[in-house]
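Student: I've got this protein open on my screen and I'd like to zoom in on a single part of its inside. Could you walk me through it slowly?

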Amino acid sequence: TQSTWGIKLVFLLSKKMTSVLEDLVDKEISILTNDGRNIVGLLKGYDQTINVVLHNCHERVYSLGEGVQRVPLGLYIVRGDNIGVIGELDENLEAELDFSLIRAEPMKAIVH
């Protein structure tokens with residue numbers, strides 16, 4: 001049935017994502033959440049529903065009026081159902097950027 005296919009597809013996507021996350025453990029990552037936040041931190045763990053644990057993390061808050069603000073969050077859990085995109089950060093590129101000069105419109109929440 002169609003609902004069985006949906007469950008199988010979700011399971012397969014989740015299984016593939018957990019294998020991708022395995023390679024990112026103990027690396028600096030950036031998460032774009034469904035509600036428009038950008039959270040950056042060291043990936044320390046995850047589970048089968050893609051809930052992730054970040055260590056020493058912060059939120060990057062963008063605005064058109066001033067540079068990127070960094071809001072410390074410390075140890076933080078992001079629920080898997082609120083994750084839109086996960087990616088590894090390029091530490092060399094990060095070191096070259098002057099976030100005080102970057103201006104950007106804040107991301108809007110994803111509307112389903």
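Tutor: Sure! One term before we start: two residues are in contact when heavy atoms of theirs lie within 4.5 Å of each other. Also keep in mind that this is a predicted model.

Let's zoom in on I31. Leaving out residues up to four places away in sequence, I31 touches R37, N38, I39, V52, L54, V78, I83, V85 and I86. Find those on your screen and you'll have the neighbourhood of I31 in view.

Now, what is I31 part of? The largest nonpolar core has 13 residues, and I31, L54 and I86 are the ones that touch the most other members. Look back at the contact list and you'll spot both L54 and I86 among the residues that I31 touches. In soluble globular proteins, nonpolar side chains tend to be buried together. Which elements build this core? Two or more residues each come from β1 (28-33), β2 (38-46), β3 (52-61) and β5 (83-88). The largest share, three residues, is given by β3.

Let's zoom out to place those strands. The protein chain has two helices and five strands, and along the sequence they run α-β-β-β-β-β-α. Of its 112 residues, 28% count as buried. If you take contacts with a separation of 6 or more, 53% of them join residues 24 or more positions apart.

For a contrast with the core, try D81, in the loop between β4 (69-78) and β5. Is D81 buried or exposed? Its relative accessibility is 54%, and the cut-off for exposed is over 50%, so D81 counts as exposed. The C-alpha atom of D81 is 7.7 Å from that of N51, although 30 residues separate the two along the chain.

One last stop is the second largest pocket, with about 150 Å³ of space. Its lining is made up of L32, G36, R37, N38, E59, R60, V61, Y62, A104, E105, P106 and M107. You've met R37 and N38 already, as residues that I31 touches. What sort of residues line this pocket? Six are nonpolar, two polar and four charged. Here β3 turns up again: with three residues, β3 gives the most to the lining.

So keep two things in mind about β3: it gives the largest share of the core, and it also gives the most to the lining of that pocket.

Technical notes. Residues numbered from 1 in each chain as written. Predicted model: local features only at pLDDT ≥ 70, side-chain atom pairs only at ≥ 80, totals over all residues. Heavy atoms only, no water. Core = buried A, V, L, I, M, F, W, Y, C linked by side-chain atoms within 4.5 Å. Buried < 20%, exposed > 50% of the residue type's maximum accessible area, 1.4 Å probe, protein only. Helix = DSSP H or I, 4+ residues; strand = E, 2+ residues; numbered from the N terminus. 1 Å grid on protein atoms, 1.4 Å probe; cavity = no way out; pocket = protein on both sides within 12 Å on 5 of 7 lines; lining within 4 Å. Points joined across faces, edges and corners; volume = space filled by probe spheres on them. Nonpolar A, V, L, I, M, F, W, Y, C, P; charged D, E, K, R; others polar.
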